[in-house]
Amino acid sequence: MSPRIGVFGGTFDPMHLAHRDMARALRDELALDKVHIVPAGQPYHRAQAPQASAEQRLAMARLTLGDEAGLWVDAREVRRPRPAYTVETLTELRAEYGEAAELWLLIGGDSLAALPGWRHWQQIFTLANLAVWQRPDLPTPPLPPELAARWQARQVADFSKRTQYGTIRALTLPAQAVSATAIRQALAAGQPCAGLLAPAVVDYINQQHLYGR
Ligand code: ATP
C-alpha cells in the first residue's frame, strides 16, 4: 500500500496542545500513516521573528509529542542553512516516499489566504494535496482570486481520485481557540498556561527563561 503522509508546518513558538490535538485529528481524519511536524527554520513570511530559537522550538515540539504514534518531528527546515520553503520540503518528501505516496499539506484556514505569497506556490499542487480547516480563534480570510479559482475547481472534482495531487479538502475538526501568540502574552504577564502546554514544555520554558519567564 502506498503511504499516506501529512506535512504540518508552523512556527510552533511554542508548540501548544491545540497543535498536538490538531495533528492527531488530522492523522485520524485523513488516515495518515505518518505526519511530519515541521518547525519552520527561518520563517520568511512572518512579520516578526520567533522569540524562541529554531532549536528551542524543535525541542518544545519534541517534548510535546513524545513518541506518539504517527506524529514525527522533522528537523529538516530548522537544519537548512537558508530560508526554508514548503515547496522544497515537499519536493524532498516526494523523492523520499516515491510517486505512489499520498502527500497532504495540512494548514489552518488563516494560513491558506497567504499561500499565493509562498515561493512557487502553484508547484505545491503538483506535489501534494491540501487539507484545510477553520480555526475558531481566527477568522478565515477571503481567498485571493488566484487561489479561489483553483479551490472551486478542486472542490468540484472532490476526492474520488484520491491519488491525484492537487486535491483541496476542507475539514471540519474540533479545533480549539488557542494561539501561540496568546500563550506568549500570557506567559510574559506571569499567567500560568498549564492546561495549554505539555508539562515538560512548561518546565523547559522556565529553565530556558523563554517568553519573559
Ligand atoms: P502564532 O499565534 O504565533 O501565529 P499559532 O498558534 O497560530 O502561532 P503556528 O505555529 O503559526 O501557530 O501554526 C501552525 C499551524 O497550526 C498553522 O497551520 C495554524 O493554522 C495551525 N494552528 C495553530 N493554532 C491552531 C488552533 N488553535 N487550532 C487549529 N489550528 C491551529
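**Exercise 1.** In this predicted model, decide whether Phe-125 counts as buried or exposed.

*Solution.* Start with the relative accessibility of Phe-125, which is 4%. Buried means under 20%, so Phe-125 counts as buried.

**Exercise 2.** Stay with Phe-125 and work out how the rings of Trp-121 and Phe-125 are arranged.

*Solution.* A pair of aromatic rings is described by the distance of the centres and the angle of the planes.
- Step 1: the centres of the Trp-121 and Phe-125 rings are 6.1 Å apart, and the cut-off for a pair is within 6.5 Å.
- Step 2: their planes stand at 80 degrees, so the pair is edge-to-face.
- Step 3: look at the backbone. Both residues lie in helix H6 (residues 121-127), 4 residues apart, or about one turn of the helix.
- Step 4: check the partner. Trp-121 has 9% relative accessibility and therefore counts as buried.

**Exercise 3.** Now classify the pair formed by Phe-8 and Phe-12, and find which residue joins them in an aromatic cluster.

*Solution.*
- Step 1: the ring centres of Phe-8 and Phe-12 lie 5.7 Å apart.
- Step 2: the angle between their planes is 65 degrees, and over 60 counts as edge-to-face.
- Step 3: Phe-8 is buried at 5% relative accessibility, and Phe-12 is buried at 3%.
- Step 4: Trp-133 completes the cluster with Phe-8 and Phe-12.

**Exercise 4.** Which rings have Lys-34 and Arg-119 over their faces?

*Solution.* Take each charge in turn. Lys-34 lies over the face of Trp-72, 4.5 Å from the ring centre. Arg-119 sits over the face of Tyr-85, at 4.1 Å from the ring centre.

Definitions and conventions:
Residues numbered from 1 in each chain as written. Predicted model: local features only at pLDDT ≥ 70, side-chain atom pairs only at ≥ 80, totals over all residues. Heavy atoms only, no water. Phe/Tyr/Trp six-rings, centres within 6.5 Å; stacked < 30°, edge-to-face > 60°. Buried < 20%, exposed > 50% of the residue type's maximum accessible area, 1.4 Å probe, protein only. Helix = DSSP H or I, 4+ residues; strand = E, 2+ residues; numbered from the N terminus. Lys NZ or Arg CZ within 6 Å of the ring centre and 35° of its normal.
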